Each structure stands twice: as structure tokens, then as C-alpha cells.
Amino acid sequence: MEEITRLTSKLKSTSKELSKKKEEKRRHLDEVEKLENDLRDVTKQLEELREKSQDAGGKLQLVDSELETYHQIKEEAGMKTAKLKDEKEVLDRQQNADIEAQKNLEENIQQLENRKQELELQEKQMQTRLKKILDAVGKHKEDLTRVRKEQREMKDKLVDSRRKYDMLKAKISDLDNQLRELKADRHENERDARLSQAVETLKRLFPGVHGRMTDLCRPTQKKYNLAVTVAMGRFMDAVVVEDEHTGKECIKYLKEQRLPPQTFIPLQSVRVKPVIEKLRTLGGTAKLVFDVIQYP
């Protein structure tokens with residue numbers, strides 16, 4: 001489009017220059033015609049003078065003043081004729097140059113016209129192509145809108161699926177924890193059952209066996225279970241016996257029967273410290289373990 005505008009401007013400029021050259025050519029032709037008329041007039045005057053001279057039989061007698069005028073006219077006619085011829089030659093050359101320039105300008109105009117038509121055809125083709133592209137863009141926009149909508153829907157489904165997955169994963173984790181706790185509880189119960197059975201056997205075989213700490217020292221309320229367990233620590237499952245001899249006999253028996261080892265607490269070796277009474281006055285929820293357990 002920009003090139004067409006440029007060519008149109010150049011075409012107008014060239015046409016204007018051609019019109020100017022044509023005007024100069026017309027003016028030169030007028031000048032040439034005038035010079036030719038003047039030359040004919042001078043030539044005619046000379047011919048008339050020659051005819052008069054011939055009519056007089058070559059014996060035309062002129063007075064001095066007439067003779068001087070004759071020579072003056074003849075000289076002026078010769079000079080004017082030479083000048084007119086020179087001017088005519090100059091104008092002829094200029095006319096030929098103008099004709100050549102006009103020819104070149106006309107060729108340039110024709111080339112510009114051809115180029116303009118070619119560019120207009122290209123512009124028309126490009127407009128057609130642009131229309132097809134715009135139509136395709138419109139269709140692609142519709143497809144893009146549809147794809148984006150599907151993408152949003154898929155994203156929403158993905159978020160929902162991920163949420164459900166996280167919920168199921170959390171439930172599975174809870175179930176795994178419960179299963180592990182159940183297995184641990186079962187293992188602990190089985191262990192406790194084996195230990196209890198072993199202690200019952202020891203109580204039957206050895207009169208000095210009193211039982212396990214967990215059976216002998218029970219919390220007065222369930223809310224103290226954890227505190228009592230922490231306070232007793234590793235002695236929670238220990239077996240209370242009367243003396244060291246009984247404890248050694250029990251250890252020997254467990255080894256012979258290949259039963260799990262046990263910790264034994266002989267009562268005769270235990271050194272009991274008196275309760276510090278001022279600890280009972282701490283206030284709040286603090287209590288002595290001694291005060292929250294019961295004995296058989």
C-alpha cells in the first residue's frame with residue numbers, strides 16, 4: 001500500500017513534468033514558427049530588391065542615400081537571417097531534446113502505470129488472502145475458547161480428584177495407624193498374656209512370688225494411668241518377689257524353659273524412703289504417685 005502511494009505520487013510528478021515539457025515544446029514551436037516567418041519576410045524583401053535590380057536591366061541607379069540604405073538593409077537582413085538561423089538551430093536542438101525527454105517521460109509513465117496495476121493486483125490478492133486469514137483466525141479463536149473451556153473443566157476435575165485422593169489417602173493413613181495400633185496392642189496383649197502366664201506359673205512354683213508391678217500397683221482412677229506408667233518406667237512389668245533367692249530361682253526357671261527374661265524386685269532388698277509431706281501442699285493438679293495408686 002505504501003509503495004502504491006509512492007508510485008502514485010511519482011506518477012503525478014512525472015505527469016506534471018511531462019505537461020511542463022509539452023508546454024515548453026509548444027512555446028518553442030511558436031518561436032520557431034515566428035522566426036521562420038521573419039526569415040521569410042527578410043528573404044522576400046531581398047528577392048524584391050533583386051527583382052527590381054533585374055527589371056532595370058542591371059542598370060538601376062541609386063542615389064547615395066538610397067544606396068547606403070540598400071546596403072544597410074542588406075547587411076541587417078544578412079545579420080538577422082544569420083541570427084534567425086542560429087536561433088532556429090538552437091530551438092531545433094532544444095525541440096529534439098524536449099521530444100527525447102517527452103519520449104522518456106512517456107516511457108516512465110507507462111512503466112509506472114504498469115507497476116501501479118501490478119501493485120493494485122497484488123494488493124487485491126493480499127486483501128483476499130487477509131480475508132481468508134481473518135476468517136481462519138476467527139475460527140481458531142472459537143476453537144481456542146472451546147479448548148480453554150475444556151482445559152478449565154479438566155483442571156476443576158483434577159482439583160476435585162486430587163481432593164478426593166487426599167481424603168482417601170488420609171483415610172488410608174488413619175486406617176494404617178489404627179491397624180498398626182491394633183497390631184501393637186495385640187502384640188502387647190499377647191506379650192502381657194505370656195508374661196502373666198509365666199508369672200502365674202512362677203507363683204505356683206515359688207511361694208515367694210507376689211506378682212507383677214502392673215498388677216500390684218493400680219491407679220485409683222483411669223486418668224492417672226499414663227502418669228503412673230511414666231513414673232514406674234522400666235519397672236512397670238517387673239515381678240515382685242520376697243527375697244533375692246526367690247528371684248534367682250525364678251531367673252533359673254525362665255532360662256530352663258526358654259521364656260522371655262523378667263526383671264525381679266526382691267522386697268527384702270528394697271530401701272523405702274519416707275514420703276516428703278510438703279510435696280502434698282504444692283497445689284494445683286500435682287499429686288504424689290504414692291497417693292494415686294492402690295495396693296491389693
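## The overall layout

How many helices and strands make up the secondary structure of the protein chain? The count comes to five helices and five strands. Keep in mind as you look around that this is a predicted model.

If you walk along the sequence, the elements turn up in the pattern α-α-β-α-β-α-β-α-β-β. One element to look for is helix 2, which covers residues 64-205.

## Inside, outside and contacts

The protein chain has 296 residues, and 19% of them are buried. Its accessible surface adds up to about 23,700 Å², with carbon and sulfur atoms holding 53% of that.

Now for who touches whom. Take the contacts in the protein chain with a separation of 6 or more: 74% of them are between residues 24 or more positions apart.

## Zooming in on Leu112

Leu112 sits in helix 2. Is Leu112 buried or exposed? Its relative accessibility is 9%, and buried means under 20%, so Leu112 counts as buried.

Setting aside neighbours within four places in sequence, Leu112 is in contact with Leu7, Lys10, Leu11 and Thr14. Thr8 is worth finding too: Leu112 and Thr8 are 104 residues apart along the chain, yet their C-alpha atoms are separated by 8.2 Å.

## A negative patch on the surface

Which residues gather in a patch of negative charge on the surface? They are Glu31, Asp86, Glu87 and Glu89. Helix 2 provides the largest share of this patch, three residues.

Glu89 is located in helix 2. With 44% relative accessibility, Glu89 falls between the 20% and 50% cut-offs, so Glu89 counts as partly exposed.

Notes
Residues numbered from 1 in each chain as written. Predicted model: local features only at pLDDT ≥ 70, side-chain atom pairs only at ≥ 80, totals over all residues. Heavy atoms only, no water. Patch = residues over 30% accessible without salt bridge, like charges linked within 9 Å, V, L, I, M, F, W, Y side chains within 5 Å. Areas by Shrake-Rupley, 256 points an atom, 1.4 Å probe, with all protein chains shown as cover. Salt bridge = Lys/Arg side-chain N within 4 Å of Asp/Glu carboxyl O. Lys, Arg positive; Asp, Glu negative; His and termini not counted. Charge placed at Lys NZ, Arg CZ, Asp CG, Glu CD. Helix = DSSP H or I, 4+ residues; strand = E, 2+ residues; numbered from the N terminus. Buried < 20%, exposed > 50% of the residue type's maximum accessible area, 1.4 Å probe, protein only. Contact = heavy atoms within 4.5 Å.
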